[in-house]
Structure formats: structure tokens, C-alpha cells
Amino acid sequence: MLRSEIRNWLPEKDPQKLSWLWQHANQLRRETVGGKIHLRALLEFSNCCRRDCAYCGLRAANRKVTRYRMSAEKILTLAEQAARRGFGTVVLQSGEDPKLDPDWLAELIRKIKSRTALAVTLSVGERAPAELALWRQAGADRYLLRFESANPDLFRRHHPARPGHSCDRLALLGILRDLGYEIGSGMLIGLPGQTMEDLVADLYLLGKLDLDMIGLGPFIPHPDTPLGRQAGSSSSEQVPANEDMTYRAIALARLICPRANIPATTALTTLSPQHGLELGLGRGANVFMPSITPAAYRDRYQIYPGRAQLCGSDNESFRRIAYRIRAMGREIGQGRGDAINYLARKKRKSGGLS
Ligand code: SAH
Ligand code: SF4
């Protein structure tokens, strides 16, 4: 897709044209990744973080957060429960925890892989290449690391590097790909200072990175962060952090990366608890990642306020999600639900045809 085409879609107001965009994205999703919705069990195992991202409630400078780190036994029990409930993937997510012991995580991954058939996705921030290699060897399948914004100035301003360290998420994505991970990335929609041209660049970059998974969601202000306290820009070029812009981004992401797995994100369903799931999944998305983190911890994992009412941490909540998916005439995917894009890349690498 051309940059100019992306640029034209973003401010489109004509309901008929938008309806074409939704249908086209949905049709392409059906043809490329099929009708099944893959569910990922999101386990937020630590809220400790050494970073100071201006958008996130878990930032190190936020002293109001009561920090936690779950034990390996607890994580293992929850992963086994998730496998029994029918999930095919567990996503181990945390802040960029300075006390995360790489060997501890490697051992945990090995145990999850030996006791369940779950695919393991990691989302633990920017880590040393040797750690990423260690976890891959231990059996980790996928890694999520959003580039957040393709505009380097905006990224640096809101995501400051650690003193004495470089911060290059794009380089890390290359390393993750070379290690054989299924890789996911994406951006925030409506980050203060993000212009329409920036969002065009974000969407364009999704295609350039040849991603297997794409996570994009609206920026939701957190009152205990610099960006939560700042008044929003009224410039007409500022991307609105709303539902409508998120659907456009999801639909365009599907057109740009037809074979990727794309979730209706937690941020989207937080902004729109009534329709976010259905409209996201009906306009190009094919994945949902309900949190299975026990409520006592989940309440302290406030990346942004009001997070994850639609959770999967007990049988009843899981049934509610399954009901909503079936009511859309869609089925829940069984097994790992690897991205078609990843499977094709693996085949190419091993000499087969894609
Ligand atoms: N610490 C890891 C993973 C947890 S944060 C990391 O940073 O990669 C996961 C994602 O939450 C981030 O990539 C960011 O895009 C999103 N996020 C953070 N603050 C947010 C906010 N205020 N609104 C919406 N999404 C946010
Ligand atoms: Fe930490 Fe991730 Fe939040 Fe940044 S976005 S402060 S790295 S948890």
C-alpha cells in the first residue's frame, strides 16, 4: 500500500468509503488468516520497571505503584490452568524488571514447555541479546516489542533511554527475528504530539518490518504520568486517541500485513467495553489476549487506568468471552495459532516454497 493511500484513509469521513474499508479488511482477514479467533492468556507476572516511559503508569518514577513479582510456582500453576481452560498460548508480560533473573525465566519457560503444549510469548521489554538467545533456546516462541512510534524524536521524548544505554527497539526486533522468534510490534494511537504524518510512518513501518504480530491500541492517559497530566493538543494534525482512529489503524494494518496475527487490544476494549472486541475483530483483527492475572495483582498492573474488565482469569469470564466471539459467528482457534507470516518465513528459510 502506498504512503499516499494510507494518508488519504486516516482522515476519511465518508461513511460509505469507511464501510468499504471495514469490509475489505474483514474479507482479506478471512482469506489470509481465516475465521478463527486465537485467544492468548496474558499473564502479567511482574510490574517492576526500570524505565520511565512518559505514557505508562508502571514507570519507575511512579511511587504510588505497589510493586510485585510472582513466584515461578505461581506462574506455572496459572499457565497450567490456562492450558486446561483451552488457551494455546501464554504471554508472559512484565515491566522492564531490573531484578528479572535470565536463568530463572529460562527455567520457567522450560517447565511450561515440558508440562503443557502452550506456545510461550515474552513481552518483557528491552533485554540484552544474550538473554533473548537464552530464552529462545529454553523454548520461548514469540516476542512482543512495540516500536511505539516510528518518529525517532517522539519516541525518544516519551521513551527515554536508560542513562549510559542505547535504546533501539528496531535493532532488537532484527535480533529477535534472527534468533527465530515469531516477532510482534506496533504503536500507540494518539500519543500526544503524534501527527497524521507520524501515524502514516508507523503504519508504513509495520509493512517494512514484515511482522508476524501487530499490537496497536489507543493511548489512554494515566494521571500519575507526565503525559497524563499534560493537556491534550488541539492541533488538527494531532492523531486522536479514540476508537475510530484505532479501527482505521487495525484495518490498514491488515491491508499492509495480510498474513500477520492482529489482536483487538486490551486498550481498545478498555476504551470501548461494549463494542471494541466485536468491531476490532470485525475490521481486520483475529486475536484477543484476555488477562489471566489474578485480580489482586491485576489491580496493580495499571499501565493505564480501568484496564481489562474483559479478563479470562476464571471459567465464568472465559465463557463470557467465548459467548461474544460465537455470537459474531466466529470460532475460537485451537492450538498454538502461529502467524501464517511466520510459518511462511520458516518454510522459505528451510528452502521450501512459501
Ligand atoms: N514493559 C514491556 C511490556 C509491557 S508494556 C514493554 O514496554 O515493552 C506493554 C505496552 O503497553 C507498551 O508497549 C505500550 O505500547 C502500552 N502502553 C503503555 N502505556 C500505555 C497507555 N497509557 N495507554 C495505552 N497503552 C499503553
Ligand atoms: Fe516499563 Fe513497559 Fe511501562 Fe515503559 S511501557 S514504563 S518499559 S512497563
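**Two ligands and their surroundings**

Let me begin with one contact in this predicted model: a nitrogen atom of ligand 1 lies 2.8 Å from a polar backbone atom of tyrosine 55. Tyrosine 55 has company here, since a nitrogen atom of ligand 1 is also placed 3.0 Å from a polar backbone atom of serine 94, and a nitrogen atom of the ligand is 2.7 Å from a polar backbone atom of isoleucine 220. If we imagine ligand 1 taken alone, it exposes 540 Å², and of that area the protein buries 92%.

Now, stepping back from those contacts, how many residues surround ligand 1? There are 18 of them, and the closest are Tyr55, Ser94, Arg146, Glu148 and Ile220, so you will recognise Tyr55, Ser94 and Ile220 from the backbone contacts I have just described. Sorted by class, the shell around ligand 1 holds nine nonpolar residues, five polar ones and four charged ones. As for where this ligand sits, the space it takes is the largest cavity.

Let me turn to ligand 2, and ask which residues are found around it. They are Cys49, Arg51, Cys53, Tyr55, Cys56, Arg59 and Gly95, and I would ask you to look at Tyr55 in that list, as this residue is also among the closest to ligand 1. By class, the shell around ligand 2 is made up of four nonpolar residues, one polar residue and two charged residues. The space taken by ligand 2 is, again, the largest cavity, which is the description we had for the space of ligand 1.

Notes. Residues numbered from 1 in each chain as written. Chains lettered and ligands numbered in written order. Predicted model: local features only at pLDDT ≥ 70, side-chain atom pairs only at ≥ 80, totals over all residues. Heavy atoms only, no water. Near = heavy atom within 4 Å. Polar contact = N/O pair within 3.5 Å; in protein donor to acceptor, adjacent residues only side chain to side chain. Areas by Shrake-Rupley, 256 points an atom, 1.4 Å probe, with all protein chains shown as cover. 1 Å grid on protein atoms, 1.4 Å probe; cavity = no way out; pocket = protein on both sides within 12 Å on 5 of 7 lines; lining within 4 Å. Sits in = over half its atoms within 2 Å of the grid points. Nonpolar A, V, L, I, M, F, W, Y, C, P; charged D, E, K, R; others polar.
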